[in-house]
Amino acid sequence: MDAPDALTRYAEGQRIVGAYELAKVDDPDSGILSNGVAVTSIPEYVTVLSPYKAGLPYDFDQVRVFTWNVKKHRYETAFREHNVAGYLPVTVSSKPDPYGHAAEAAVPLPTFSYKILAGDATLPEADPETGALKPGNMVTKTYRLEGNICRRILAPGTPAPEELHPTPESDKKGKGKKGKK
């Protein structure tokens, strides 16, 4: 997949698996040129990324949303989730928040969903005959872009389901600066 050049520099050594347009922002002073013409309508994206490794049992391990800062004329990260076992497709739409109580909740805004392995699942292994992966129990996560903030859409009182994290979290104790004795 060819990601827009403006996003590739934010990939941080990861491979961009997919970049999906969420919304457009008007910025007449963006400074971006396309074929010698100033671009004033700047797209905002949700991207999914994975490391440059072959044979991973999932499609992506990181999700990032890039919004455009009109004052600074650059992309900024509005949302980032990493260390997940995610699977394509990512779906993008525009919906109201069915559980929100604020006036903005009734307004259709950009929404995106993706699937990751549930906490009780294990990483799938390839079928030796076909090479196909059959992931186990999945969790669908849905977020809504409200300005430059991403909010998860989850029914009130519903706990967030457990998720599988393929890479164990490192123990950060003892990694900070040591004080003087």
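Contact here means heavy atoms within 4.5 Å. With that in hand, the predicted model can be walked through starting from one residue, Thr111. Thr111 sits in strand E7, which covers residues 109-117. Setting aside residues up to four places away in sequence, Thr111 touches Leu22, a run made up of Thr91, Val92, Ser93, Ser94 and Lys95, then Thr142, Tyr143 and Arg144, and finally Ile153. Thr111 counts as buried because its relative accessibility is 1%, and the cut-off for buried is under 20%. Its side chain also has a polar partner close to home in the sequence: a polar atom of the Thr111 side chain lies 3.1 Å from the backbone oxygen of Leu109.

Leu22, one of the residues touched by Thr111, belongs to strand E1 (residues 15-26). At 11% relative accessibility, Leu22 is likewise classed as buried. Beyond its neighbours within four places in sequence, Leu22 meets Glu44, Tyr45 and Val46, along with Val65 and Val92, the E7 stretch Pro110, Thr111 and Phe112, and also Leu145. As for the far end of things, the C-alpha atoms of Leu22 and Pro156 are 25 Å apart, with the two positions 134 residues apart along the chain.

What about the nonpolar interior? The largest nonpolar core holds 18 residues, and Val46, Val63, Val65, Phe79, Phe112 and Tyr114 have the most contacts inside it. Two or more residues of this core come from each of E1, E4 (41-50), E5 (60-69), E6 (74-95), E7 and E8 (138-146). A second core, separate from that one, has twelve residues, among them Ala11, Ala19, Val25 and Tyr45. Phe112, next along from Thr111, has contacts beyond its sequence neighbours with Leu22, Val46, Val63, Val65, Phe79, Thr91, Val92, Lys141, Thr142, Tyr143 and Cys150. In soluble globular proteins, nonpolar side chains tend to be buried together.

Then there is the open space. The largest pocket encloses about 170 Å³. Its lining is made by Gln14, Pro51, Lys53, Leu56, Tyr58, Asp61, Gln62, His82, Asn83, Pro166 and Thr167, and both E5 and E6 contribute at least two residues to it.

Finally, a word on confidence. Mean pLDDT for the protein chain is 86, with 91% of residues at 70 or more. Of the chain's elements, E7 has the highest mean value, at 95, while strand E2 (residues 33-34) has the lowest, at 77. Where pLDDT is low, the predicted coordinates should not be read in detail.

Terms used:
Residues numbered from 1 in each chain as written. Predicted model: local features only at pLDDT ≥ 70, side-chain atom pairs only at ≥ 80, totals over all residues. Heavy atoms only, no water. Helix = DSSP H or I, 4+ residues; strand = E, 2+ residues; numbered from the N terminus. Buried < 20%, exposed > 50% of the residue type's maximum accessible area, 1.4 Å probe, protein only. Polar contact = N/O pair within 3.5 Å; in protein donor to acceptor, adjacent residues only side chain to side chain. Core = buried A, V, L, I, M, F, W, Y, C linked by side-chain atoms within 4.5 Å. pLDDT = per-residue confidence, 0-100. 1 Å grid on protein atoms, 1.4 Å probe; cavity = no way out; pocket = protein on both sides within 12 Å on 5 of 7 lines; lining within 4 Å. Points joined across faces, edges and corners; volume = space filled by probe spheres on them.
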